[in-house]
Structure formats: C-alpha cells, structure tokens
Number of protein chains: 2
Amino acid sequence: MEHDAQVSDTADTLDRAFMALADPVRRAMVARLSRGDATVNELAEPFAITKQAVSKHIQVLEHAGLVTRSRDAQRRPVHLDAAALERLTAWIDQYRLIAESRFRQLDELLGARIPNQQKENTPAHKKEESK
Amino acid sequence: MEHDAQVSDTADTLDRAFMALADPVRRAMVARLSRGDATVNELAEPFAITKQAVSKHIQVLEHAGLVTRSRDAQRRPVHLDAAALERLTAWIDQYRLIAESRFRQLDELLGARIPNQQKENTPAHKKEESK
DNA sequence: TCATTGATCAACTGATTGGTTGATTAAGAG
DNA sequence: CTCTTAATCAACCAATCAGTTGATCAATGA
C-alpha cells in the first residue's frame with residue numbers, strides 16, 4: 001500500500017543494472033566475463049562463498065540484463081552483454097555532460113578565472129524564492 | 001567473522017556509487033542536479049515522501065561521492081560532482097571495451113559471417129577441463 | 001539403471017535498507 | 001527572546017538481501 005509506480009517504466013531496468021554492479025563480487029564477475037564466457041564454477045573459484053551464492057549473483061546479473069546464458073551439456077556458460085553496459089554509460093553520460101556544460105558556461109562567465117572558490121553559493125544559478 | 005576484504009581497496013567507492021544510482025528517487029535527483037544545484041526541499045518536491053527520507057537519499061549520494069554540499073544561510077545546496085560520474089563510466093567502459101574487442105576478434109575469425117549462433121561454447125576462449 | 005558432475009530450488013537466518021514519526025539543531029526575522 | 005524555516009538526528013517498523021545448509025533437477029558416462 002505504498003510507493004505508487006510513478007517513477008518510470010524503464011526504471012526497473014536501470015534499478016536492477018546499477019544494483020547488480022553495486023556488489024564487488026558481481027563486479028568481479030563482470031570483469032572476468034569481459035575476458036570470456038565462464039561457468040558458475042569458474043566464476044565461483046576466486047571467492048570464498050558457496051556455489052549457491054554465486055548462482056544467485058549470476059541470476060541477479062541475468063535479471064538485470066547484463067548477462068545471458070546458454071547451454072553446453074551440463075554447463076551453463078555465462079555471457080556478458082556489452083550492449084547492456086553501454087546503456088548504463090549512456091544514462092550516466094547524459095547527465096554528466098549536462099552538468100559539465102553548465103560548469104563550462106560558468107567558467108566562461110567568470111572569464112576563465114578559477115580562484116580558490118570553495119563556497120560557491122549558486123553563482124550562475126538564479127535562485128528562486130517562490131515561497 | 002566473514003568475507004575477508006580481498007575484493008579490492010577501492011571497492012567501497014564503487015559499491016556506494018552504483019548502489020546510490022540503483023534507486024529511482026536518487027537517479028531523479030541526479031537528473032535534477034545536473035540542471036543546477038538544489039536544496040533538500042527543492043529535491044523533495046517531486047516525490048511523495050518526507051523530507052527526512054529525502055535527506056537520507058542525499059546522504060547516500062554524498063557518502064558515495066556523487067554530490068557535495070555547501071552552506072547558504074539555513075540552506076544546504078546540493079551540488080552534483082560530474083567527475084564522480086565519469087569515474088563510473090570509466091569503470092564500465094573498461095570492461096565493455098574488452099568484451100567488444102573480443103567479440104570483434106571472433107567476428108573476424110568467422111570471416112564476418114554471423115550465422116544464428118546461439119550456443120557458442122567459448123569459441124575464442126580455450127576451455128580447460130582440469131578434472 | 002546407477003553414479004557423477006554442474007547447477008538450481010527451497011527454506012531459513014542475520015544484516016541492511018527505505019520509510020515513517022517525533023524531537024532537535026542552526027540560522028535569520030520579528 | 002520568540003517564531004519560522006531548513007535540515008538533521010534518533011528510534012522504530014516492514015521489506016528486502018546476502019549468505020548458509022540440505023534436497024533436487026538435468027545431462028552425461030559407466
């Protein structure tokens with residue numbers, strides 16, 4: 001009876017993807033998978049956790065759309081989806097570039113002088129006191 | 001008495017940053033902050049949650065190094081740190097490019113022919129059967 | 001068929017998180 | 001000093017998550 005779904009429709013995808021990368025074990029798996037497909041057991045080796053836990057981590061990555069899986073006899077090789085990673089960087093860069101361009105504008109406005117400004121109280125940003 | 005810290009030293013930073021972006025509310029805040037600094041109250045407006053919850057979200061972003069805060073009378077404007085965002089894309093791109101280059105190599109190896117390969121059992125990746 | 005290997009399912013526990021309400025600090029304005 | 005505004009602190013609750021153990025499924029080989 002809480003949290004109405006007004007945030008977005010595609011939010012879930014980003015949610016799961018960023019959440020998946022928020023774990024050092026899963027990031028290490030991504031790093032390893034970037035070098036080539038691997039099985040659950042291969043991915044489990046570097047860690048001191050059970051195979052079940054590794055399987056769960058991989059499921060998280062899979063549910064986030066970051067990896068896919070195929071079948072090779074008993075093995076289920078995990079494959080990294082580079083396109084999914086690109087979607088993440090695209091989201092981040094979108095806002096990073098906006099922020100940087102704003103900073104650049106401010107820079108020009110100050111005449112390319114950058115003193116030791118530590119306490120900028122919204123210099124190039126008109127502050128509205130609506131209330 | 002669990003999980004030895006063998007994962008990495010800078011893991012914490014990435015942990016917190018990705019975790020911070022794994023929440024739609026915090027992502028919306030990042031999007032808003034890319035347009036300019038804002039206060040807690042301004043950031044709280046679009047959401048149906050209390051100011052305290054918003055304050056916590058901002059603390060998460062701050063602890064992740066994604067935003068900084070200054071002081072302007074009673075207000076504490078939040079400022080987006082574009083460099084922190086860039087560090088995230090740098091991490092992702094690092095492994096994305098490795099995976100893509102691997103895929104490109106495989107592509108050339110197949111003579112630019114891409115049939116309906118669905119079950120690639122590690123084609124350009126020597127698989128060791130140790131046991 | 002039976003044993004083995006790779007991987008998952010199910011149930012449980014401990015820790016963490018997202019959210020709330022209520023009280024409190026900090027800075028001005030009267 | 002008192003009041004208002006901005007924001008945080010503290011305690012608490014419900015839900016989720018990371019990890020475990022134990023049992024089970026699926027594919028292969030004897």
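Good morning. Ala, Val, Leu, Ile, Met, Phe, Trp, Tyr, Cys and Pro count as nonpolar; Asp, Glu, Lys and Arg count as charged; the others, Gly among them, count as polar. By that scheme, the surface near DNA strand C holds five nonpolar, 10 polar and six charged residues. A residue is near a strand if one of its heavy atoms lies within 4 Å of it.

The model is predicted: local features need pLDDT of at least 70, side-chain atom pairs count only at pLDDT 80 or more, and totals for chains, interfaces and linings use all residues. Residues are numbered from 1 along each chain as its sequence is written, chains are lettered from A and ligands numbered from 1 in the order in which they are written, and side-chain values use heavy atoms, with hydrogens and water left out.

Let us turn to the DNA. Around strand C there are 21 residues, and the closest are Ser55(A), Arg69(A), Gln52(B), Lys56(B) and His57(B). Of the strand's atoms that come within 4 Å of the protein, 65% belong to sugar and phosphate.

Which part of DNA strand C lies 3.5 Å from an N or O atom in the side chain of Gln52(A)? It is a base oxygen. Phosphate oxygens of the strand lie 3.1 Å from a backbone N or O atom of Arg76(A) and 3.2 Å from a side-chain N or O atom of Arg26(B).

Finally, consider helix H2 of chain A, residues 24-34 (helices are DSSP runs of H or I, at least four residues, numbered from the N terminus). Eight of its 11 residues are buried, meaning under 20% relative accessible area with a 1.4 Å probe, protein chains only. Among them are Val25(A), Met29(A) and Leu33(A). Just after this helix, Gly36(A) has a positive phi of about 150°.

Notes:
Buried means under 20% relative accessible area, exposed over 50%, partly exposed in between (1.4 Å probe, protein chains only). Helices (H or I, at least four residues) and strands (E, at least two) are DSSP runs, numbered from the N terminus. A polar contact is a pair of N or O atoms within 3.5 Å; within protein, one must be able to donate a hydrogen and the other to accept it, and residues adjacent in sequence count only if both atoms are side-chain atoms.
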